[in-house]
Each structure stands twice: as C-alpha cells, then as structure tokens.
Amino acid sequence: MSQTKYLIVGSSHAGLSALEAIRMQDEEGSTTLLTQEKHLPYSPTILPYVVSGLVDAKEAFLRDEEAVNRYGAEFKRDAKVVRVEPQTRSVKLQTGEGIQYEKLLLATGARPMLPPISGLEDAPYHVLRTLDDAIGLHRAAQKAKSAIVLGAGLIGMHAAENLAKRGRKVTVVEAMPHILPGYFDEQAAGLVQRVFSDNGIKILTGSAVTHAGGSDGGCVVSLESGEEISADLLLVATGVKCNIDYLAESGIEVDEGILVDEMMRTNAEGIWAAGDVAQAQSFFGDGKRINAILPNAVEQGRTAGRDMAGDPAVRPFPGGLPMNTYRFMGHNAFSVGMSQVPETDEGYKVEQVSLPESLKYQKLIFKRGRLVGASGINANVDPGIMLQLIGRKVDLEEVKTQFVASPVDTGRILMSRLWR
Ligand SMILES: Cc1cc2nc3c(=O)[nH]c(=O)nc-3n(C[C@H](O)[C@H](O)[C@H](O)COP(=O)(O)OP(=O)(O)OC[C@H]3O[C@@H](n4cnc5c(N)ncnc54)[C@H](O)[C@@H]3O)c2cc1C
C-alpha cells in the first residue's frame, strides 16, 4: 500500500484549488492527486464549447503534466476510489490498489442524474458532464439533423442554442412550468424563452416525459399530453447528483452531498470535502446546501487546503452564494443570490423593472435594507458588484431609491467607499 501525506480525490476546480493552497503552506508534504478519468485536469465549463467545436478537446485542459508536476504532486489517472476507510486512514481504488493518507480531501463533484423515465436507460441518450461526454456529443451532433433536449437548465439551454446555431431542429422539453427554474423567475424566464422561440427552437414547458425509446437511428419521446416527438439525438440535462457512492459504510455523514462544517471538515477525523460534492452552510443561513458553481468549488477547495495544511490564518467559509451569468443568442442574463422571495418568509421587498419590448428585465430583492438577490436580462447591472453587496451585507437603506434607479453607479460608489 502506498502512502501520502495529502490525498486529493478529484482533479477539477476544488481539487486543484486545494492543491495550490496546500503548497502555499507546505512545500514538501507528499501529495497525491487522483482522478477517475484518463484525462489531464479540465473544467466542465469548457464542455459546451467542445460540443460546438469552438474548442478542440486537446486544448480543453486546465493544466498540462508539467504544471501538475510543478506542484510536486503525484497525479494518477484512471484512479477511481471505490472505498474510504477512515479507521485505517486509507482508500481503495477500483484497480485494487490501496493508498494510505494523513489528510484526505474528497472533491469528487457530481454526475448527471437520470430522471425516472421508463425506457430511458435503454434509449440512445447523451449527457454532458465529462470531456468524453462532450467528445461523444460533438460527434453525434455532426451526424444529427434534429435533437431533443430534456431539461431547460443552463446546460440544456446552452446545448440547445449550440445545436440550433449549427442548423439542427431542436426541441427542449421541461417538466417545470418555466425554463431555467432556480435561476430566474417566471417573467424573466419567459423573456429568454421568447428569444429561443424566435430563433426556431421549440420549447415545451410543464411537459412530463412518460417514455423514451429508440435505437442508434434516433430517439422517440412520449409526453404526458399524449404527444410523441422524435429526433436523431437525445440529450438528457435534468440535473446532477453528487458522487458519493464510494462512501457507503465509511461512517462519513452524507445527505444529498457530504456534510461539512465552515472549514470544510467532515465528521471523520482527517477528512475534508469541497466543491460540488460538499453540502456546506448556505449564505442565507437556511441550512446546509449544495452550491454547484465554479467559484464556490474554488473557494471551498482553498479553505479545505489551507485548513489541511494547518494555515493559522485560514478563514471559515462564509456560506455558498449562488451566482450565474448567462449569455444567450447575443443577450446577457445574470442571477446572484435569491431569484425569488421564499414563500414562507416575510419582510422582503422586491423592486422590479420589466420592459418586454426591448427585452430588458431587472429585479432586486431586499431584506431589512440589505440586498439578498439580484437578477436581470440585458440589465445595466454589474453582477460582480451585486455579489459584493450581498456577500458583505451592505446596508442600503439610506441610498435605496438611488440604488434601485441606478444600481451600477450607486453600487460602484458604495464599493469604492467600502474599499477605502
Ligand atoms: C457543461 C457544464 C457547464 C458549466 N458551466 C458553468 C458556468 O458557466 N459557471 C459556473 O460557475 N459553473 C459551471 N458549471 C459547474 C462547474 O463546472 C462545477 O461547479 C465545478 O466543475 C465543480 O468542481 P468540482 O471540483 O467540485 O467537481 P467536478 O468538476 O465535477 O470534478 C470532479 C472530479 O472528481 C473526479 N472523481 C469523481 N469521482 C471520483 C472517484 N470515485 N475517484 C476518483 N476521482 C473521482 C472526477 O474525475 C473529476 O476530476 C458547469 C458544469 C457543466 C457540466
């Protein structure tokens, strides 16, 4: 059995960020970085561009072998962890190899979740999470003339746009009442949907799929309404679930993801978790949540790495704040913090501006004078400033009217005062 001081499972954003943080504190400690894939580290955010052909798969990597070596880490590919044993401080790989660690970071991210649709598992479907998925989808899209996308989240909508731009006839099927649920409210989502429809993409919302089937020649999807649609290609983009199967019987506490404290520590001594797999305190203090976005993975990885290496100045993770920017068909959209007021809660104030003809939308949500959510389409709002105002809990009570009328200018003035 090999031994290492720091063992990092997962070589994407959270794992690499932890590796860098460890090296800032401990230049010598032996470190091993594992990935279950055969590739060098890459970012899943590049995958839509690999699918569209804008980026060649060979240029999708975050680090080359030399850069990984510069961190003095042993990088093992095809190294899938299948078991963690906290009592013996060891992990077991699918290959049968065992590795003993002093400190372990679990940064295993997530994978696509297949909805419980009869026939789907045997249908010729694609998903988009890994580089191999993107390469497969790129090839299939080259041959296809039509496509069905199940799920109108950011990944599904990106894919639908790319396929349509390449001349494919695209239908998006979403079970929820509107597209981009969780990112935008119904009104904003309606504006985005209008742009897609104007560009020839058919979107069916509130449409539950009852069956999926087909062969290599194409797929057929049946809807609850009785309608049947067929296409050459089927992409399933209906959400993700955390990669935690290897933790069964480990005693490590999991819910939807791995439960961690503000230092990203799990309940097991010497084991941390970070990124899409970690369920940490939410920024709004409403329990532990998964916040599956890149900046969150980087920040959590950094916190975990610094704590693993014993950095006395490590700051606790302040809580995950959702943030997404979305470019579609030449338009801009963003969403930071809350996109809707929680139904059960009181004390919120919403300031909304909607100009459907010019496709503009802006929504600011306040609670007790503080901004808790901002979203917009083609709005003159800087999401980075909104993130800072929400994250720093800046009191806007006195300047609220001015801020609502001109969030960018007022936000900049406030930020410059804060940084002085
Ligand atoms: C198509 C797409 C587009 C996206 N676009 C955006 C965007 O625009 N903005 C944004 O903020 N976020 C975006 N995201 C989300 C973002 O990519 C993730 O939040 C981020 O990658 C999370 O990083 P991570 O390190 O936690 O996990 P992941 O990136 O999921 O990496 C997990 C790592 O763990 C490894 N692994 C998993 N299981 C095992 C195992 N058992 N043994 C060994 N290794 C294992 C994997 O091989 C991989 O190296 C996008 C995601 C996708 C799929």
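Me: A residue counts as near the ligand if one of its heavy atoms lies within 4 Å of it; in this predicted model, how many residues surround the ligand?

Reply: The closest residues are S12, E37, R129, D276 and L294. By kind, the shell around the ligand divides into 16 nonpolar, 11 polar and 4 charged residues. The number of residues that surround the ligand is 31.

Me: Which helix gives the most residues to the shell around the ligand?

Reply: Helix 1, covering residues 13–25, and helix 7, covering residues 294–308, each supply at least two residues of this shell. With 3 residues, the helix that gives the most is helix 7.

Me: What share of the ligand's exposed area does the protein bury?

Reply: Backbone atoms of the protein approach the ligand at several points: a polar backbone atom of S11 is 3.1 Å from an oxygen atom of the ligand, and a backbone N or O atom of Q36 lies 3.1 Å from a nitrogen atom of the ligand. A polar backbone atom of I293 is 3.5 Å from an oxygen atom of the ligand. Taken alone, the ligand exposes 1000 Å², and the share of this that the protein buries is 88%.

Me: Where do the buried residues of helix 8 lie around its axis, on the same side or on opposite sides?

Reply: Helix 8 spans residues 383–391, and its buried residues are P383, I385, M386, L389 and I390. These residues cover an arc of only 155° around the axis, so they lie on the same side of helix 8.

Me: Which residue has a side-chain oxygen that reaches the backbone nitrogen of G384?

Reply: The contact is found at the start of helix 8, whereas the residue that follows this helix is K393, with a positive phi near 50°. The side-chain oxygen that reaches to within 2.8 Å of the backbone nitrogen of G384 belongs to D382.

Key:
Residues numbered from 1 in each chain as written. Predicted model: local features only at pLDDT ≥ 70, side-chain atom pairs only at ≥ 80, totals over all residues. Heavy atoms only, no water. Near = heavy atom within 4 Å. Polar contact = N/O pair within 3.5 Å; in protein donor to acceptor, adjacent residues only side chain to side chain. Areas by Shrake-Rupley, 256 points an atom, 1.4 Å probe, with all protein chains shown as cover. Helix = DSSP H or I, 4+ residues; strand = E, 2+ residues; numbered from the N terminus. Nonpolar A, V, L, I, M, F, W, Y, C, P; charged D, E, K, R; others polar. Buried < 20%, exposed > 50% of the residue type's maximum accessible area, 1.4 Å probe, protein only. Arc of directions from axis to C-beta.
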